Amino acid sequence: MIDFDETTAFRLFRRLGVGQGTFAMYLLICPSEDWSIVEDDLKAEADVQLGVKLPLNDIEVLLREPSLAGYCSDQSVSAFRIKELSHAVISLLDTHVVRLERSGGQLLFLSTQNTAEQLLVQTPNFRSRLTEVLRITPDPSIGELTA
Amino acid sequence: MSLEDELKELAWHREGQYQAALDSAIQEHPSNLLRQLRAYLAELADHGKLKKTYEGPRSFAKENDVVELICEGVEFSSDSVLDFNLHLSPSQMGWRLRDFEFHLAIAKRRVQHVRIHLTAKGAYDPLRVPRCHIHVDNSEPHIPFPIINPRLTLHLVCEHIEPAIGREPE
């Protein structure tokens, strides 16, 4: 098991704020039981730090999108859940990674450790273009507060 | 009516306005307020006004659903240090600010402390202790202070009070 650096939505969006307007792709690893909290953190920090509404969808939404780069470039930051790997998802991320890159947006991919490790092995083109792979945890400052 | 009674009536009127301001000032959810305060401090750090980026305030759940937000030891580049905490309580309308304390320890100046307090309950003698007040240094006078959004109070402390107060005239 590879041990990636840890982050929170607050720290991640601090980075995204600095790099606004520049293409970036982050693979975020998180146990599935924490996804809901982490997703709320990501949406809230996108709103507070960048003043944008973060679209957060399953990766399969891109399979139905005729213009991949167009979809991603409509938003400054987009997030996608990768719940499981299929041939279509692998092809989308690996074969068509250049189209994602052309979007110029900042893309976040949320995945579990197991799925992320499979993804990194099976998608060399995607892997080589990743800005970073990070373990993301629920924001400890927020504690038990939920909006 | 004696002069003192008239002054007391005026002070009670001001306390009533404070209460009305608190009742009408529905705060955003504490988690969002925390994120806003933290993002603001991060921006100050980006501009070199603070020594580092802070991950706080931290939140704590208290009795009766009261939420406490605490931020301690925020260090300015000037070596001044800010601590603050605030309490919010839920109401049918949303979240209400209950009380707060902003304590600024100012480094290397004639004035060494500024403290801004909102008390949870009004004092017995509102002429002497307004519910929301500011102390300059360790002085006893409780100078009335307006009840404003904590984000505005933080801004006032960080960008106006800290840089200017107690400086020698040029």
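Q: What makes strand β5 (residues 106-111) of chain A count as mostly covered?
A: In this predicted model, 6 of the 6 residues of β5(A) are buried, where buried stands for 20 or more other C-beta atoms within 10 Å of a residue's own. The burial extends to both directions in which the strand's residues point, since Gln106(A), Leu108(A) and Leu110(A) point one way, Leu107(A), Phe109(A) and Ser111(A) point the other way, and all are buried. In a regular strand, side chains alternate between the two faces of the sheet.

Q: How do you know that β5(A) pairs with strand β2 (residues 24-29) of chain A, and in which sense?
A: The pairing term asks for at least two bridges, and β2(A) and β5(A) are joined over 6 bridges, in the parallel sense. One of the partnerships places Leu28(A) with Leu110(A) of β5(A).

Q: Which strand is joined to β5(A) by 6 bridges and has Ile82(A) opposite Ser111(A)?
A: Strand β4 (residues 77-82) of chain A runs parallel to β5(A), with 6 bridges between them. Ile82(A) stands opposite Ser111(A), and Ser78(A) has Leu107(A) as its bridge partner in β5(A).

Q: Why are both faces of β4(A) called covered?
A: Val77(A), Ala79(A) and Arg81(A) on one side, and Ser78(A), Phe80(A) and Ile82(A) on the other, are all buried, which accords with the count of 6 buried residues out of 6 for β4(A). β4(A) also pairs with strand β3 (residues 56-58) of chain A, in the parallel sense over 3 bridges, and there Asp58(A) has Arg81(A) as its bridge partner.

Q: Which residues have the most contacts inside the largest nonpolar core?
A: This core has 36 residues, and those with the most contacts inside it are Leu28(A), Ile29(A), Leu108(A), Phe109(A), Leu110(A) and Ile136(A). Another core lies apart from it, with 31 residues, among them Val74(B), Ile116(B), Leu118(B) and Leu154(B). In soluble globular proteins, nonpolar side chains tend to be buried together.

Q: What does Ile136(A) touch, leaving out residues up to four places away in sequence?
A: Ile136(A) touches Thr7(A), Thr8(A), Ala9(A), Leu12(A), Leu28(A), Ile29(A), Cys30(A) and Val38(A).

Q: How do you know that the length of helix α2 (residues 35-50) of chain A agrees with its residue count?
A: Its 16 residues, at 1.5 Å a residue, should span 22 Å, and the end C-alpha atoms are 21 Å apart, so the two values agree. Just after α2(A) comes Gly51(A), with a positive phi near 70°.

Q: Which residues of α2(A) are buried, and what covers them?
A: The buried residues are Val38(A), Asp41(A), Leu42(A), Ala44(A), Glu45(A), Ala46(A), Val48(A) and Gln49(A). Their cover includes α1 (9-18), β3, β4, β5 and β6 (132-136) of chain A, together with α2 of chain B.

Q: What makes helix α1 (residues 3-24) of chain B hardly covered?
A: Among the 22 residues of α1(B), the count of buried residues is 1. As for its length, the 22 residues should span 32 Å at 1.5 Å a residue, and because the end C-alpha atoms are 32 Å apart, the span agrees.

Q: How many residues form the contact between the chains, and which element of chain B gives the most?
A: 18 residues of chain B are in contact with 13 residues of chain A. On the side of chain B that touches chain A, α2 (30-46) and β2 (58-61) of chain B each supply at least two residues, and α2(B) gives the most, with 9 residues. By class, this side of chain B has 8 nonpolar, 6 polar and 4 charged residues.

Q: Why is Val67(B) classed as it is, buried or exposed?
A: Val67(B) has 23 other C-beta atoms within 10 Å, and as the cut-off is 20 or more, Val67(B) is therefore buried. Val67(B) belongs to strand β3 (residues 67-75) of chain B and, leaving aside neighbours within four places in sequence, is in contact with Leu145(A), Pro30(B), Ser59(B), Ala61(B), Lys62(B) and Leu88(B).

Q: Where in chain B is confidence lowest, and where is it highest?
A: Confidence is lowest in strand β1 (residues 26-27) of chain B, at a mean of 79, and highest in strand β6 (residues 113-118) of chain B, at 96. Chain B averages a pLDDT of 91, with 100% of the residues scoring at least 70, and the model scores ipTM 0.87 and pTM 0.90.

Conventions
Residues are numbered from 1 along each chain as its sequence is written. Chains are lettered from A and ligands numbered from 1 in the order in which they are written. This is a predicted model: local features need pLDDT of at least 70, side-chain atom pairs count only at pLDDT 80 or more; totals for chains, interfaces and linings use all residues. A nonpolar core is a set of buried Ala, Val, Leu, Ile, Met, Phe, Trp, Tyr and Cys residues joined through C-beta atoms within 7 Å. A residue is buried if 20 or more other C-beta atoms lie within 10 Å of its own, exposed if 12 or fewer, and partly exposed in between; C-beta atoms are placed from the backbone. Two residues are in contact if their C-beta atoms, placed from the backbone, lie within 7 Å. pLDDT is the predictor's confidence in each residue, from 0 to 100. Helices (H or I, at least four residues) and strands (E, at least two) are DSSP runs, numbered from the N terminus. Ala, Val, Leu, Ile, Met, Phe, Trp, Tyr, Cys and Pro count as nonpolar, Asp, Glu, Lys and Arg as charged, and the others, Gly among them, as polar. The expected span of a helix is 1.5 Å times one less than its number of residues.
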